[in-house]
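Dear colleague,

I am pleased to hand over the structure shown below. Please look through it first; a short account of the findings follows.

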Amino acid sequence: MNVLVKRIIEVASDRYSTPISTPEQHSIDQEVLTILNSLKIPEHFKGYTYLHQAIMAAIAEPDLINEITKGLYPLIARKNETTTHRVERSMRFAIETAWNKGAVPCLHQLFGYC
């Protein structure tokens with residue numbers, strides 16, 4: 001039975017390419033979700049999920065920041081069984097929606113005035 005449990009954890013970790021979460025990861029995960037919600041990105045948008053996954057992947061593997069189109073988008077696409085084009089488009093739409101909803105003060109607070 002122990003071998004079965006270990007194997008299930010291995011398969012699940014490989015499928016989602018993230019190990020079983022620790023309390024620290026859960027805290028980071030909650031903080032990312034809080035920030036996404038404060039930006040007023042609707043939770044039911046696919047882009048919300050993709051952004052969350054992308055941020056968590058970039059935290060786990062900082063090198064992904066330098067290869068967004070060649071590394072990050074394909075990673076998210078594989079996890080969600082979709083195309084890289086759809087991932088990018090959904091993320092852009094979610095961000096544009098947040099911008100249009102008037103989350104500008106929150107954006108300035110997080111990223112500075114640009």
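**The second largest pocket and the nonpolar core**

Twenty residues line the second largest pocket, and those nearest its centre are Leu 36, Leu 51, Ile 55, Ile 95 and Phe 111. A pocket is an open set of points on a 1 Å grid over the protein atoms alone, where a 1.4 Å probe fits, with protein on both sides within 12 Å along at least five of seven lines; lining residues have an atom within 4 Å of a point.

The model is predicted: local features need pLDDT of at least 70, side-chain atom pairs count only at pLDDT 80 or more, and totals for chains, interfaces and linings use all residues. Residues are numbered from 1 along each chain as its sequence is written, and side-chain values use heavy atoms, leaving out hydrogens and water.

The lining comprises 20 nonpolar residues, with no polar and no charged ones. (Ala, Val, Leu, Ile, Met, Phe, Trp, Tyr, Cys and Pro count as nonpolar, Asp, Glu, Lys and Arg as charged, and the others, Gly among them, as polar.) H3 gives the largest share of this lining, five residues. Helices are DSSP runs (H or I, at least four residues), numbered from the N terminus.

Leu 36 also belongs to the largest nonpolar core, which has 23 residues; Leu 36 is among the members that touch the most others. Such a core is a set of buried Ala, Val, Leu, Ile, Met, Phe, Trp, Tyr and Cys residues joined through side-chain atoms within 4.5 Å, where buried means under 20% relative accessible area with a 1.4 Å probe, protein chains only.

Yours sincerely

Terms used. Buried < 20%, exposed > 50% of the residue type's maximum accessible area, 1.4 Å probe, protein only. Helix = DSSP H or I, 4+ residues; strand = E, 2+ residues; numbered from the N terminus.
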